[in-house]
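Here are a few notes to read alongside the model. Have it open as you go through them.

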Amino acid sequence: APRVVVAGETLIDFLPDREGPLQSVESFSRRAGGAPANVAVALSHLDETPAFSTRVGDDPFGDFLVERLSEAGLDAEFVQRDPDAKTSLAFVALGEEADRGFSFYRDRTADTRMEPGAVPGATLDAAEWVHVGGVTLADEPSRAATFDLMRRGREAGATVSFDPNARPELWDEFDFGDSVAEAFELADVVKATPEDLAELDYGDDPESTARAILADGPHTVFLTLGGEGSLVATTAESPWASEETVVSHGGYEVDPVDTTGAGDAFTAGVVAALVEGESLSETLAFANAVAAVTTTAAGAMTALPGREAVRRFREES
Ligand code: ATP
């Protein structure tokens with residue numbers, strides 16, 4: 001049985017054929033995406049194939065995503081098809097001027113209709129780790145499904161991790177800040193970028209941001225810092241530290257082609273290392289290497305490395 005359960009949206013990222021604002025882009029390429037889907041596929045590449053619970057439409061884009069997930073070795077048992085809803089689409093803008101703009105087609109799509117109870121109790125009982133993200137908190141019933149899975153994961157004794165994945169355009173019915181605070185309370189581990197929380201009151205440098213998150217509930221917080229690498233901060237309750245600690249790793253030198261999904265690859269690296277019992281400093285180095293390799297090709301799932309590729313990359317860096 002899988003040691004890891006991941007749940008959340010799978011969608012199509014339409015990547016632009018050029019940099020700049022969306023209105024100036026003429027053509028796009030279709031890529032499988034969605035932060036939790038990226039994490040799940042990255043974990044499979046690292047030989048830690050999770051149970052990935054998701055929901056896509058009964059439409060051609062859903063067919064495409066189901067095929068991609070199955071190619072990655074993910075069990076179709078946890079992939080629901082929604083006969084009454086479409087698959088989510090996201091058009092992405094790249095480049096400095098565009099500042100990672102998005103246009104989402106995500107109105108009552110299949111992923112927003114994920115339901116509580118989709119992950120069987122037996123799957124959770126066998127799991128050591130449950131990972132979810134913030135996007136499914138923006139709509140019901142996927143919001144209830146996400147909180148429910150976090151609670152059931154805790155009750156089953158798994159480590160529960162959460163990535164806020166801030167996408168301000170997706171939030172209207174619920175408040176992003178309140179929702180994130182509620183999720184932090186249910187999480188053992190949080191992975192975020194300082195930008196995710198920029199609009200909220202979580203400090204203005206990485207270390208104080210990590211401390212502010214720890215004060216909300218989790219015992220361990222990972223922050224990714226783009227080309228600067230990442231850090232992890234813990235309370236004394238963290239199973240991976242005997243006291244309050246901050247460890248950082250400066251990352252690896254690469255020529256990034258596309259950083260979409262780098263944060264998700266990082267999350268997969270963290271989970272894969274920690275379930276293997278690695279230390280926090282080895283976990284940071286490993287996850288930074290997984291993420292750095294991922295930036296070397298366009299598309300979140302294109303350049304996901306296996307363990308051997310990570311080992312070689314670290315040796316050569
Ligand atoms: P995304 O939202 O695009 O998935 P993110 O904003 O969540 O990414 P970042 O902090 O940009 O996450 O990057 C995650 C990790 O990827 C970093 O911690 C680092 O290990 C690696 N990374 C990102 N950009 C670079 C870069 N330019 N050079 C080397 N490594 C990078």
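1. A quick term first: on a 1 Å grid over the protein atoms alone, a cavity is a set of points where a 1.4 Å probe fits but cannot get out, and lining residues have an atom within 4 Å of a point. Grid points are joined across faces, edges and corners, and a volume is the space filled by probe spheres set on the points.

2. Keep in mind that this is a predicted model, where local features need pLDDT of at least 70, side-chain atom pairs count only at pLDDT 80 or more, and totals for chains, interfaces and linings use all residues. Residues are numbered from 1 along each chain as its sequence is written, and side-chain values use heavy atoms, leaving out hydrogens and water.

3. The largest cavity has a volume of about 120 Å³. Its lining takes in 17 residues, and the closest to its centre are Ala 7, Met 114, Glu 115, Ala 145 and Leu 149. Helix α4 (residues 142-155) gives the most to that lining, with six residues; helices here are DSSP runs of H or I, at least four residues, and strands are runs of E, at least two, numbered from the N terminus.

4. Now the sheet: nine strands form an open one with mixed pairing, in the order β5-β4-β1-β8-β9-β10-β11-β12-β13 (two strands pair if DSSP finds at least two bridges between them). β5 (79-82) and β13 (245-249) are at the edges with a single partner strand each, so one side of each has no neighbour in the sheet.

5. α4 packs on this sheet, touching β1 (4-7), β8 (129-133) and β9 (159-163), where contact means heavy atoms within 4.5 Å.

Key: 1 Å grid on protein atoms, 1.4 Å probe; cavity = no way out; pocket = protein on both sides within 12 Å on 5 of 7 lines; lining within 4 Å. Axes fitted to C-alpha atoms, helices over the stretch in contact; angles between N-to-C directions.
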